[in-house]
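Take a first look at the chain below. The report after it starts with the overall layout and then moves through the parts.

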Amino acid sequence: MIAGDLNNQTLSLIDLGRKEEAESLLRKALELDPTNPEAVYNLLLLEWRDRRIDDLTAVRRFKEIVIKNHPGKWLPVYLLAKLHLERGDKKEALELLKPYRGVSSEVDELFVKAEKIEGMRCIRTFVGDERSVYSVALTSDGRYALSGSGDSTLKL
């Protein structure tokens, strides 16, 4: 089987709630083709939704593994834009998609969808927690945030 076939099978397994099997197939797909855009995207999405990685790690890895190895191709950019929309960064998604409008109907549809999304944008990114952040409380004026992370620390 080729990597694309294995990736397609994983989508069915995910729909059936069989995430462990899906992840195993994705890893096999990546053994065959380590930079397969869809397989990398789906594996990162699984890891992120399972809280094994955060959104910024997913974006960074996707860029390192896929974007770097498929320069100028629309599909990797499209998938990266989908990751940004998933994390609520409409602006970044639109910037990525803009040069690829008209290249494929998928890009055009995602661009229109992204334009219609309201109320979601990345305001600020915080760094410094070594482990996953499990909770965040914001003051009513939005000036301060208190986060609690997996290393049993609180950060203001």
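## Overall layout

The chain holds 7 helices and 3 strands. This is a predicted model. Read from the N terminus, the elements run α-α-α-α-α-α-α-β-β-β. Along the principal axes, the C-alpha atoms fill a box of roughly 50 × 35 × 30 Å. The chain has 156 residues, and 37% of them count as buried. Take the contacts between residues at least 6 apart in sequence: 42% of these join residues at least 24 apart.

## The helices

Start with helix α1, which covers residues 3-15. D15 belongs to this helix. D15 has a relative accessible area of 70%, so it is exposed. In sequence, D15 and K63 are 48 residues apart. In space, their C-alpha atoms are 26 Å apart.

Next come two helices that pack together. Helix α2 spans residues 19-32 and helix α3 spans residues 37-49. Their axes are 9 Å apart, and the packing angle is about 145 degrees. The crossing of α2 and α3 is left-handed. From α2, the contact uses K19, E23, L26, R27, A29 and L30. From α3, it uses A39, V40, N42, L43, L46 and E47. What kinds of residues make up the contact of α2 with α3? They divide into 7 nonpolar, 1 polar and 4 charged.

After α3, a loop leads to α4, and R51 is found in that loop. R51 has a relative accessibility of 61%, so it counts as exposed.

Helix α5 runs over residues 74-86, which makes 13 residues. From its first C-alpha to its last, α5 reaches 18 Å. That is close to the 18 Å expected at 1.5 Å a residue. Which residues of α5 are buried? They are P76, V77, Y78, L79, L80, A81, L83, H84 and L85. The cover over these buried residues includes α3, α4 (55-65), α6 (90-97) and α7 (105-116). Just after α5 comes G88.

## The sheet

The strands form an open sheet of 3 strands. Their order is β1-β2-β3, and the pairing is antiparallel. β1 (133-138) and β3 (154-155) stand at the edges with a single partner strand each, so one side of each is left without a neighbour in the sheet.

β2 takes in residues 145-149. Is β2 largely enclosed or largely open? Of its 5 residues, 4 are buried, so β2 is largely enclosed by the rest of the structure.

How many bridges join β1 to β2? There are 5 bridges between these antiparallel strands. In one of the pairings, L138 has A145 in β2 as its bridge partner. V136 stands opposite S147 in β2. The hairpin of β1 and β2 has 6 residues between the strands, and G142 belongs to it.

On the other side of the pairing, 2 bridges join β2 to β3. These strands also run antiparallel. Here G148 stands opposite L154 in β3. β2 and β3 form a hairpin with 4 residues between them.

S135 lies in strand β1. Its relative accessibility is 44%, so S135 counts as partly exposed. Leaving aside neighbours within four places in sequence, S135 is in contact with L146, S147 and G148. S135 and G150 are 15 residues apart along the chain, and their C-alpha atoms are separated by 9.7 Å.

S152 sits in the loop between β2 and β3. S152 has a relative accessible area of 72%, so it is exposed.

## Positive phi values

Most residues other than glycine have a negative phi. The table gathers residues with a positive value.

| Residue | Place | Phi |
|---|---|---|
| R51 | loop between α3 and α4 | near 65 degrees |
| G88 | just after α5 | about 90 degrees |
| G142 | hairpin of β1 and β2 | near 75 degrees |
| S152 | loop between β2 and β3 | near 65 degrees |

R51 has its positive phi as a residue other than glycine. S152 is also a residue other than glycine with a positive phi.

Notes:
Residues numbered from 1 in each chain as written. Predicted model: local features only at pLDDT ≥ 70, side-chain atom pairs only at ≥ 80, totals over all residues. Heavy atoms only, no water. Pairing = 2+ DSSP bridges. Axes fitted to C-alpha atoms, helices over the stretch in contact; angles between N-to-C directions. Left-handed = near helix turned anticlockwise from the far one by under 90°. Contact = heavy atoms within 4.5 Å. Nonpolar A, V, L, I, M, F, W, Y, C, P; charged D, E, K, R; others polar. Buried < 20%, exposed > 50% of the residue type's maximum accessible area, 1.4 Å probe, protein only. Expected span 1.5 Å × (residues − 1).
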